[in-house]
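Good morning, and thank you for joining. I would like to take you through one structure, beginning with the terms and then moving to packing and salt bridges.

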Amino acid sequence: MATACVQAESAVTPAADAGAGGGDADRETGVGGGIGGEASSNDAQPEPASLASAQTVAVRLARLLWDAEPEAALIARLDDDRSSSRVAAVAAEMLDDPRARMGLKAWLRWLLRLDDLATETKEAVELLPDVRASMASEAVKLAEHVAFDGDGRIDTLFLAPYTMMDGALGRHYGVDLAPDAAWQPVEFPTHDRVGLLGAAGVLTRYSGRYQPPWPARRYWLLSDTLVCEMLPIAPPAPSVLGTPAVPMRSARQQMIEVTASPDCMVCHFAVNPLGFAFVGFDALGRAVSTDGESPVDPSGALPVGDSSELSFTGQPDLIRQLMDRPETGRCLARRLLSYALDPSPDPGNAEHSRFVRLTPELRASFETAAAEAARTNMIRDLFIAVTRTPSFRAAAE
C-alpha cells in the first residue's frame with residue numbers, strides 16, 4: 001500500500017505552464033471565457049508563420065470531423081484559400097454531413113480511452129462480454145445523441161441526468177429494459193451521477209483491475225477531460241495506478257493515510273478530493289452505498305487560488321461547478337486541438353502525446369477556441385473554433 005504515494009513524485013507541471021493556463025485572478029473573475037461564462041472574440045484569426053498545404057488541412061478536417069480520409073473535392077476547395085474564415089466555413093458544411101457523427105465519436109473514444117475497455121482486466125468482479133461491448137459504446141452514443149439529436153450543448157453532455165442504454169446496459173444499471181432493447185436515452189436510476197463522466201463504461205475504464213477502485217484513478221478521468229487547465233498535474237507512473245485498496249476498509253480513508261506526507265500532497269491536495277467524488281461507484285461503475293464498512297462519502301473540498309475553495313457534495317455537484325469555470329472550457333479545447341493535430345497515443349506515456357508538449361502558439365490557439373465556443377456553449381461551435389485556429393492551419397513542425 002505504501003507504494004501508492006509514488007504518485008506524488010510526478011510533480012506538478014512547471015509554473016510557466018500553470019500560469020499560462022490562467023492565473024488565480026482569471027479563475028476568480030472568469031476572464032478568458034469558460035463553458036458557462038461570457039466571452040468575446042474577434043472574427044479574424046492571425047495567420048500561422050507557415051501555412052499548411054491544402055492536403056494537410058484537408059487531412060486534419062476529414063480526420064477530425066468525419067474520422068475519414070479527405071476527398072479530392074475537399075482538397076481542391078482549400079487550394080487557394082486556407083484562411084480562418086474559409087476553413088471555418090468548410091468545417092461548418094462538413095458538420096452538416098451525416099459523417100460528422102463518426103468524427104465526434106472517434107474523438108470521444110480517444111479522449112476517454114474507450115478502446116482499452118476491450119482488454120481491461122478485472123479481478124473480484126465479472127465483466128460480462130455483452131456488457132463490456134455495450135460499455136465501449138455508451139459514452140459515444142450519449143455524445144452523438146446530445147450533439148445531433150438533442151440540444152447540442154456542451155454542458156448537457158456533462159450534466160445530463162441520463163445516459164444511453166441498450167438491453168445489456170439496462171441489466172447492468174438495474175433498469176427494466178428488454179434484453180434485446182435498442183439504444184435509447186434512459187435516466188440514471190439514481191441521482192448520484194450525471195452526464196458523460198457518470199457513465200458506467202467511462203467509470204469502468206477509469207477504475208483499474210481491483211475492487212474497490214483506488215480513488216485516484218477517477219481523478220485522472222477528470223484530468224483527461226475537464227481540469228487539465230485548472231490543475232496541471234503531471235501523470236503518475238503507470239505501475240503505480242495498479243495499487244489495490246484493502247476491500248473491507250474505506251478506500252477514501254486509505255488514500256488519505258497513504259498520501260498524508262508533504263511530498264505526496266504536492267499532487268494529492270487535488271487528486272484526493274476530486275477522486276473522492278467518485279467513491280460511490282464500484283469497479284464496474286455501479287452505484288454503491290458503502291465504502292468498505294463505512295457509508296459512502298463523496299464530498300470534497302479543493303483549494304483554488306489563494307483564498308477560495310471548491311466544495312462539493314458529490315459527483316453531480318462537482319461537475320456542475322466545474323462546468324461554470326473558464327478553465328474547463330480551455331481544457332476541452334486543448335484536448336480537442338491536441339486530437340486534431342495528433343490523434344495517436346504515445347506508447348509508454350500515461351497521457352496522450354500532445355497533452356504535455358505545449359508551445360505558446362498551441363496555447364494561444366486553444367484559449368482562443370475556448371473563448372469562441374463559450375459564446376454559444378455548443379459542441380458544434382467548439383469544433384469549428386478549433387479548425388479556425390492558427391495551430392490547426394499551420395504546417396507541421
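By contact I mean heavy atoms within 4.5 Å. Helices are DSSP runs of H or I with at least four residues, numbered from the N terminus. A residue is buried under 20% relative accessible area, exposed over 50% and partly exposed in between, computed with a 1.4 Å probe on protein chains only. This is a predicted model, in which local features need pLDDT of at least 70 and side-chain atom pairs count only at pLDDT 80 or more, whereas totals for chains, interfaces and linings use all residues. Residues are numbered from 1 along each chain as its sequence is written, and side-chain values use heavy atoms, with hydrogens and water left out.

Let us start with helix α5, residues 84-95. Its end C-alpha atoms are 16 Å apart, which agrees with the 16 Å expected for 12 residues; the expected span is 1.5 Å times one less than the number of residues. Among the buried residues of α5 are Val87, Val90, Ala91 and Met94. Which helices do the buried residues of α5 pack against? They pack against α3, α4 (72-77), α6 (100-111), α7 (129-149), α17 and α18 (390-393).

One of those partners, α17 (residues 379-388), holds Val386. Val386 counts as buried because its relative accessibility is 0%. Val386 and Ala333 are 53 residues apart in sequence, yet their C-alpha atoms are 7.1 Å apart in space.

I turn to the nonpolar core, meaning a set of buried Ala, Val, Leu, Ile, Met, Phe, Trp, Tyr and Cys residues joined through side-chain atoms within 4.5 Å. The largest such core has 110 residues, and Leu61, Trp107 and Leu222 are among those with the most contacts inside it. Helix α3 (residues 54-66) provides the largest share of this core, eight residues. Leaving out residues up to four places away in sequence, Leu222 touches seven residues by name: Leu197, Val227, Leu274, Phe278, Leu318, Ile319 and Leu322.

Finally, the salt bridges, each a side-chain nitrogen of Lys or Arg within 4 Å of a carboxyl oxygen of Asp or Glu. The count comes to 27. In one of them, the closest N and O atoms of Arg101 and Asp149 are 2.9 Å apart. Arg101 lies in helix α6 and Asp149 in helix α7, so this pair ties together parts 48 residues apart in sequence. Arg101, Lys105, Glu144 and Asp149 are linked in a network of salt bridges.

Key. Helix = DSSP H or I, 4+ residues; strand = E, 2+ residues; numbered from the N terminus.
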